[in-house]
Amino acid sequence: MTAKPPVDDVTDDGIEVSHPKHYAVGLPGVVHSMEPALRQLGARRTLELMTSINQQGGFDCMSCAWPDPDHRKTLEFCENGAKAVIWEATPVTVPSTFWSEHSLTELAEKSEYWLGMQGRLTEPVYKPADSDHYRPVGWDEAFERIAANLNALDSPNRAAFYTSGRASNEAAFAYQLFVRAFGTNNLPDCSNMCHESTGTALSETIGIGKSTVSYDDFEKAELIIVMGQNPGTNHPRMLTALEDAKKAGATIVSVNPLPEAALERYKNPQSVRGMLGKGTVISDQFLQIRLGGDMALLQALSKRVLAAEAAAPGTVLDRVFLDEHCIGFDALAAHLAELDEAKVIEATGLTSGEIDELADRYIRSNATIITWAMGVTQHKKAVASIKEIVNLLLLRGNIGKPGAGASPVRGHSNVQGDRTMGIWERMPPAFLDAMEREFGLPMPREVGVDAVDAIRAMQRGEISTWVSLGGNFVGAISDTAAAEAAMRGTGMTVQISTKLNRSHAVTGAEAIILPTLGRTEIDLRESGPQIVSVEDSVCAVHASHGRIPPVADGLLSEVAIVSRMARATLGSAGVSGAGIDWAGFEDDYDLLREHIARVVPGCEGYNEKIRRKEGFVLPNGPRDSRTFTNAVGKALLTVNELEPLVCPPGRLLLQTLRSHDQFNTTIYSLNDRYRGIKKGRNVVFVNPDDLASLGLADGQLVDVFSEWPGQPDRSLRGFRVVSYPTARGCAAAYFPEANVLVPLDSTAERSNTPVSKAIVVRLEAAAG
Ligand SMILES: Nc1nc2c(c(=O)[nH]1)N[C@H]1C(S)=C(S)[C@@H](COP(=O)(O)OP(=O)(O)OC[C@H]3O[C@@H](n4cnc5c(=O)[nH]c(N)nc54)[C@H](O)[C@@H]3O)O[C@H]1N2
Ligand SMILES: Nc1nc2c(c(=O)[nH]1)N[C@H]1C(S)=C(S)[C@@H](COP(=O)(O)OP(=O)(O)OC[C@H]3O[C@@H](n4cnc5c(=O)[nH]c(N)nc54)[C@H](O)[C@@H]3O)O[C@H]1N2
Ligand SMILES: [Mo]
């Protein structure tokens, strides 16, 4: 069906600003913010969708990786999950005439909001090298062109294959198999920009780059520390878990430069009392930390734990756990003894009293969970900061016991599963060995490029073909101008997508878009309707069943697209990978899962296990048995040098974050309800005292410049200043608009994740 897309492109004039909210509530907002899209969806399709989200026999919500409780409610979804589903399931489609009507030059001027609102993509399109337009092509032609391009490269390493974390386990496994059979480990993914720092820190210290808690642990916790995360917007169902934990007696502490509404008070839409009453107070303590101050805070907390033990020996540390399971205690204790409290106060912007209070809560709690997300992972010292989370937890044995653990909360709904399935530029040798045994093919061993290195390789002319399984890479990666120039320098870009975004307008010389089915849709193949599987933040794997008819005939699933791309590319005699049953995979995903069962540890009997009512949980050494399979075979306490962020006088540290009405680069509406912003996104939030000292006024238009040694300033023009209660010296603006300010070379140590949360900026009154 084609209908008129519900919006015109909107400029940012006329932004309305009101006071930020002090509480979060679930569903009501969705009706308002998604009204145009909801009207088009119709009552029947809407009801079918809303009663299938996250239900057994239904589909997995694609909005985040928060786990499902065992006792699901009839409506087990949140406002933002509903938005994601409505956005995908719209019956509006991009008509064939669209491509001749709109040139790429024109599409590149449109906002992400406008692009997304044009509806679902339904036919493959191709842009020749000498044209500024895509034109519809058949599937066969599209695959032949991709295969011809890939097979003409002088090395497989001249192509890179990106994955966004919405791809199912089946699509991800098939994709990495294709890419490795083709001959490269160039498998960058969105995780490189997201929880890579978590994976790096946890693998080294505890031997697995994943959460050590299960869903039930939240109810058993005595203390939950939520660091650098905004669950009210990004993981709203987590609020129910926090509310339940609260009812069971837990204390909750939030550490954040912003007083995020949901961390103040939560009105649970699933309960009448929640809707009508004042809601539940979530945070018992709020530490308004400076950007990047977490590492100093964590060290200060660990130092206080050691001091308390010294004052009352044998009562604070978990000596048995430390002796049996850990290594590195003495070095850590010696290092923390030298910690300078004045430096801590400067880095955190907190008082010693506030840190004492949290230390006291931690020492009194017998079961502590620390959760974190992008506020911790997207900093220069992110890996070290996460290692300090581990240090603090280990000191009191808070890993591998009920109600306790390290809980990175993942972003994309299957980003964790994609990694488990082999989407990583540096999969460990054991995985590659298992692939070789299973498929009888040599696997490439050279480490591939990650997201930032892919751009660098394009800049050097080393990567000339870019294939994306979902996502919006040029919209999501740092340093927009540099990234776009690099992408435009490639020979061919291929996007496998549900909807239009900037990456379809900023392309290589030749470009192809392959439209795909979404997770909500029935995926009917020759062997019958297919299911796929996903893994959530707590390592639980389960099936996802499409429930509504596809938006158009002829759409292919991601698995089918990958299989056909592989067949076209590898199919000719003598090419590695030609012996793999791609045609079989395409029609029956069980065949693919039989390979997964033999290659991926913990997935034995995969076909049977994902069909169980509750799915199954992957093994996890630290959580299950306090087994740590890192290089030293024990949980590692580490020494990390504090290196406070320097912000020159007259400058601010700016973080980029998500509004309430977006999913990464997908913009649902121009509002950010909890922060009091309506009808626009070009705002920069600044503390009122900083505004006064910079001589700026609330509401004024400014240009934002980011400074990086040896390079010209990057800038954002004409942003409206919003006086906001953020920590002193700190500012905030929305991602992806503010990506232009993040220098490509500003990345986290060791994980190479763009430093999206601490950019040194200068604000100047806008010219004119
Ligand atoms: N509706 C919706 N859901 C989503 C997404 C979405 O865009 N929309 N995105 C998904 C994805 S991919 C991800 S990764 C997650 C992201 O989930 P979040 O990490 O919650 O996302 P951000 O908006 O980046 O918010 C970062 C939070 O950390 C705080 N913060 C920033 N810097 C610091 C710091 O230095 N220290 C501390 N302690 N706090 C800091 C910010 O104030 C903010 O509250 O959400 C997922 N879920
Ligand atoms: N400055 C700054 N930059 C950031 C961040 C930040 O906080 N600040 N966050 C980073 C993080 S955490 C992440 S995860 C990345 C996100 O980076 P990406 O994952 O690359 O970006 P998304 O915006 O999630 O991708 C959205 C697109 O995915 C496609 N899509 C949606 N559903 C499907 C599907 O089912 N199948 C397929 N094939 N395609 C689909 C649609 O075309 C849609 O336009 O951005 C990162 N960039
Ligand atoms: Mo993410």
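This is a walk through a predicted model, from its domains to its two ligands and then to one aspartate.

**The domains.** Begin by colouring the protein by domain, using residues 98–187 together with 431–604 for domain 1, residues 196–409 for domain 2 and residues 652–765 for domain 3. If you mark the centres of domain 1 and domain 2 over their C-alpha atoms, you will find 37 Å between them. The contact between these domains involves four residues from domain 1 and seven residues from domain 2.

**Ligand 1.** Next select ligand 1 and show the 32 residues that surround it, of which Asn256, Glu260, Asp294, Gln662 and Asn664 are the closest. With the domain colours still on, you can see that domain 2 and domain 3 each supply at least three residues to this shell. Sorted by class, the shell holds eleven nonpolar, 17 polar and four charged residues. Now look for the polar atoms: a nitrogen atom of ligand 1 has a backbone N or O atom of asparagine 234 at 2.8 Å, and a polar backbone atom of valine 255 lies 3.0 Å from a nitrogen atom of the ligand. On the side-chain part of the shell, an N or O atom of glutamine 655 is 3.0 Å from an oxygen atom of ligand 1. Of the 910 Å² that ligand 1 exposes when taken alone, the protein buries 99%. Among the elements that give two or more residues to this shell are helix H12 (231–234) and strand S23 (652–657).

**Ligand 2.** Move on to ligand 2, where 31 residues form the surroundings and Tyr162, Ala476, Glu558, Thr665 and Asn739 come nearest. Here domain 1 and domain 3 each contribute at least three residues to the shell, which divides into ten nonpolar, 16 polar and five charged residues. Select histidine 412, whose side chain places an N or O atom 2.8 Å from an oxygen atom of ligand 2, and then arginine 658, which has a polar side-chain atom 3.1 Å from an oxygen atom of the ligand. Alone, ligand 2 has 930 Å² of accessible area, and the protein covers 97% of it.

**Aspartate 703.** Finally, select aspartate 703, which sits in strand S28 (residues 701–708). Is this residue buried or exposed? Aspartate 703 is buried, because its relative accessible area is 7%, below the 20% cut-off. Its side chain makes a polar contact of 3.3 Å with the side chain of arginine 717, while a polar atom of that aspartate side chain lies 2.9 Å from the backbone nitrogen of glycine 718. Residues farther than four places away in sequence that aspartate 703 touches include Leu716, Arg762 and Ala767.

Notes:
Residues numbered from 1 in each chain as written. Chains lettered and ligands numbered in written order. Predicted model: local features only at pLDDT ≥ 70, side-chain atom pairs only at ≥ 80, totals over all residues. Heavy atoms only, no water. Near = heavy atom within 4 Å. Polar contact = N/O pair within 3.5 Å; in protein donor to acceptor, adjacent residues only side chain to side chain. Areas by Shrake-Rupley, 256 points an atom, 1.4 Å probe, with all protein chains shown as cover. Nonpolar A, V, L, I, M, F, W, Y, C, P; charged D, E, K, R; others polar. Domains from an automatic or database assignment. Helix = DSSP H or I, 4+ residues; strand = E, 2+ residues; numbered from the N terminus. Buried < 20%, exposed > 50% of the residue type's maximum accessible area, 1.4 Å probe, protein only. Contact = heavy atoms within 4.5 Å.
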